[in-house]
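Here is a brief report on one protein chain. It moves from the overall fold to one helix and one loop residue.

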Amino acid sequence: MKKQFKVFAWDFHGTLEQGVEVGFWHILKAIAKKRGIAENFKLSEVRKLYGVTVANYLRHFFPESNEAEIREVMKDVATIQNQSHLKKYVRAAPGAIEVLGRIRAAGHKNIVLSNSHPDHIKPLIKIVGMAELIDEVYAIDRHYTHKKFDPVVEKTKVLKRIKKQDQLGRSQLIAIGDRASDINAGIAAGTVTYQFLRRGFPIDETDADYKIYHLSEILREI
Ligand SMILES: [Mg+2]
């Protein structure tokens, strides 16, 4: 039987990268200092909230701030979280480069499906050394929007479109992510789903086909 062509749809934050939340923790501390707010922010607390919007992070850590102040602080975050700041903290997840490379070498495709703004995610993919390993990036901005946004609905739409476009059967589209939204979108779109479980981070309950602790476990698909 001819080997099936497959598309691997990766979540980025917390799946292919690690460390972005450490940088964000330092940003929160810098903002508190600038505003003269006493703080004892813990990295574990930042990690517990992993995946919420920037605005919700700020509401949590600066509960005394009103909405106008939160918007002001969001501008500060955008200014501090520039390329050189990200470069300091963000790394490829363990094994990610090798796994992406082996998928490509086997003739398959890697795409990134992210809730981040394209202006944020594309440079990050370069920073972690994956630019040559990712075929396409589908970025859905959520973190800097104030509008209601359902990441499952948005990610499902993209996955369904790819499935139709490339005429893929269920076993040919593999969705990989660390959060329930990644998995639920994969299930809704009729893909194979892998949940990446990270130690030290909250683990969502999901009905993922597979739950893995190391990205290399994906290689059973190739
Ligand atoms: Mg993620």
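The report below covers the whole chain, then a helix, then a loop residue.

**Overall.** The model is predicted. The protein chain has 9 helices and 8 strands. Its radius of gyration is 18 Å, which agrees with the value near 17 Å for a compact globule of 222 residues. Of the 222 residues, 34% count as buried. Among contacts between residues at least 6 apart in sequence, 66% join residues at least 24 apart. The C-alpha trace spans about 65 × 30 × 30 Å along its principal axes.

**Helix α9.** This helix covers residues 180-189. Of its 10 residues, 8 are buried, so α9 is largely enclosed by the rest of the structure. Among the buried ones are Ser181, Asp182, Ile183 and Asn184. Ala185, Gly186, Ile187 and Ala189 are buried too. Several elements contribute to the cover over these residues, including those in the table.

| Covering element | Residues |
|---|---|
| α8 | 151-165 |
| β6 | 173-177 |
| β7 | 192-196 |

Just after α9, Gly190 takes a positive phi of about 75 degrees.

**Asp135.** This residue is found in the loop between α7 (118-127) and β5 (136-139). Asp135 is partly exposed, because 13 other C-beta atoms lie within 10 Å; a buried residue would need 20 or more. Leaving out residues up to four places away in sequence, Asp135 touches Lys109, Asn110 and Ile111. Ala38 is 97 residues from Asp135 in sequence. In space, the two are 45 Å apart, C-alpha to C-alpha.

Methods:
Residues numbered from 1 in each chain as written. Predicted model: local features only at pLDDT ≥ 70, side-chain atom pairs only at ≥ 80, totals over all residues. Helix = DSSP H or I, 4+ residues; strand = E, 2+ residues; numbered from the N terminus. Buried ≥ 20, exposed ≤ 12 C-beta atoms within 10 Å, placed from the backbone. Contact = placed C-beta atoms within 7 Å. Rg over C-alpha atoms; globule rule 2.2 N^0.38 Å.
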